[in-house]
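Good morning, and thank you for the invitation to speak. I would like to walk you through a structure that may be new to you, beginning with a contact between two side chains and then moving along the strands.

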Amino acid sequence: QIVAKALAKGANVDKLAAEFADELDALGVRVAALEKKADNVKITGQIRWHYASIKGSNGQKNNHSHQLRTRLMLTGKVNDTWNYVTMFENRSNKADYTGDEGTATQRAYLNGRLGGAKVMAGRWNLTRTPGGDVYDNRVDGIKAAYGDKIKLEGYYAKTATSSWANYAKGLQHDTNAFGPKGRVWGVNASGKIGDKFTLYAGYDRFSEKDDARDKDGIFDVGATLKLGDFTFDGIYLKGNADDRNAKKGAVGTIAYRGANFNKVGTWGLEGKYYKQGGATYVSHTMNGTIPGGNLNFKGFKLAGNYTIAKGMMLGVEYYDLKNYGNAKNKARTLWTELQVRF
């Protein structure tokens, strides 16, 4: 009772409150200060196992990818409007049974509000276009967004991608990015028309710090339409890099329903068509393999997912892609995965 009265008067008696927590609970006293500290850091995670069979990639008849990826994300509350987020990622390569694996800090950033703008600064994941068809990878930089139904966003960053040689160390595999000396900035906007229709457009500028000739500006414009359980999305893309082959591209997606990690038995299907010149993407989000040769590719993706238990989802994806301009270079990928989130 003495401790409860002291708490009511604002006294700093955290150690006593912790010692008599059960007794205080019996008295109906909430130890607000301790509860706030206990909830100050939130821990979430994701485990993904995948196996992929790849045929026709870079002249090879058969290849496969087998990996266990574990992510642990910590979100710390700085104050009422700002959080600090960091994510550790471990990748273990099971394809050759050599035990190659590594752990890296993939994200570390502050996010919050300054005035009416949402701000993110540090190492975060930049996803350009809804499906990540231009860029979907880590960057070190700052981003600011303003608005809700009509949203404006701008960012400036350094690309934080790595090469295949760092794969075993747990770093992101990316064969097309501008690399650790790359710079990127961009602006984009989106607007909702009612509850079913969204228009969006953007411009992203990639460049190499030490080579003024190595640069690519990519413009995108697209729309998303939701009709019942169906979602339709279409994008037109245009790049201006002179050394990355064709400069135009388009991507179309049809999705039906969609699995929800919190609802057992939910499921979804997706079909996607790509025709992208090499100048229209830098780091693609797809799990399929783009065939070797020139950077231009076209083809399709078919995918499905199903929630088998709360927090557990099965997924399968099939990609059939080929170079256009050199149709002999093809790659077919069958990707299977199990994701667990907590």
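**A salt bridge and its surroundings**

Let us begin with arginine 71 and glutamate 89, whose side chains meet in a salt bridge, with 2.5 Å from N to O. The pair links distant parts of the chain, for arginine 71 belongs to strand β2 and glutamate 89 to strand β3, 18 residues apart. I should say at once that this is a predicted model. In general, side chains of opposite charge can pair when their charged atoms come close. A search of the whole structure finds nine salt bridges.

How do the two strands that hold this pair run with respect to each other? Strand β2 covers residues 63-77 and strand β3 residues 82-93; β2 and β3 pair in the antiparallel sense over 11 bridges. Within this pairing, threonine 70 stands opposite asparagine 90 in β3. The connection from β2 to β3 is a hairpin through four residues.

On its other pairing, β2 meets strand β1, residues 41-55, again in the antiparallel sense, over 14 bridges. Here threonine 44 is found opposite methionine 73 of β2.

Strand β1 also brings us to the surface. Val41, Ile43, Ile47, Leu72, Phe88 and Phe342 make a nonpolar surface patch of about 530 Å². Which strand gives the largest share of this nonpolar patch? The answer is β1, with three residues. Isoleucine 43, one of the patch residues, is found in that strand.

Let me now turn to the strands further along the chain. β4 and β5 pair in the antiparallel sense over seven bridges, and alanine 108 stands opposite arginine 123 in β5. These two strands form a hairpin with two residues between them, and glycine 115 in the turn has a positive phi of about 65°.

β5 in turn is joined to β6 by 12 bridges, and the two run antiparallel. Two neighbouring examples may help you to follow the register on the display. Leucine 126 has asparagine 137 in β6 as its bridge partner, while threonine 127 has aspartate 136. The hairpin of β5 and β6 has six residues between the strands, and there threonine 129 takes a positive phi near 75°.

The next pairing is that of β6 with β7: eight bridges join these strands, which run antiparallel. Glycine 141 stands opposite alanine 157 in β7. Three residues lie between β6 and β7 in their hairpin, and glycine 147 in the turn has a positive phi of about 105°.

What, then, do these later strands surround? In general, rolling a probe the size of a water molecule over the atoms shows where empty space is left. The second largest pocket holds about 290 Å³ of space. Its lining receives at least two residues from each of β4 (101-114), β5 (117-128), β6 (135-146) and β7 (150-159).

How many residues line the second largest pocket, and which lie nearest its centre? There are 14 lining residues, and those nearest the centre are Arg113, Lys118, Val119, Ala145 and Lys151. By character, the lining of this pocket divides into six charged, four polar and four nonpolar residues.

To close, I would leave you with two places to look at on the display: the salt bridge of arginine 71 with glutamate 89, and the second largest pocket, to whose lining β4, β5, β6 and β7 each contribute. Thank you for your attention.

Definitions and conventions
Residues are numbered from 1 along each chain as its sequence is written. This is a predicted model: local features need pLDDT of at least 70, side-chain atom pairs count only at pLDDT 80 or more; totals for chains, interfaces and linings use all residues. Side-chain values use heavy atoms; hydrogens and water are left out. On a 1 Å grid over the protein atoms alone, a cavity is a set of points where a 1.4 Å probe fits but cannot get out, and a pocket is an open set with protein on both sides within 12 Å along at least five of seven lines; lining residues have an atom within 4 Å of a point. Grid points are joined across faces, edges and corners, and a volume is the space filled by probe spheres set on the points. Ala, Val, Leu, Ile, Met, Phe, Trp, Tyr, Cys and Pro count as nonpolar, Asp, Glu, Lys and Arg as charged, and the others, Gly among them, as polar. Two strands pair if DSSP finds at least two bridges between them. Patches are made of residues with over 30% relative accessible area and no salt bridge: like charges are joined within 9 Å, nonpolar side chains (Val, Leu, Ile, Met, Phe, Trp, Tyr) within 5 Å. Accessible areas come from the Shrake-Rupley method with a 1.4 Å probe; for residues, only the protein chains shown count as cover. A salt bridge is a side-chain nitrogen of Lys or Arg within 4 Å of a carboxyl oxygen of Asp or Glu.
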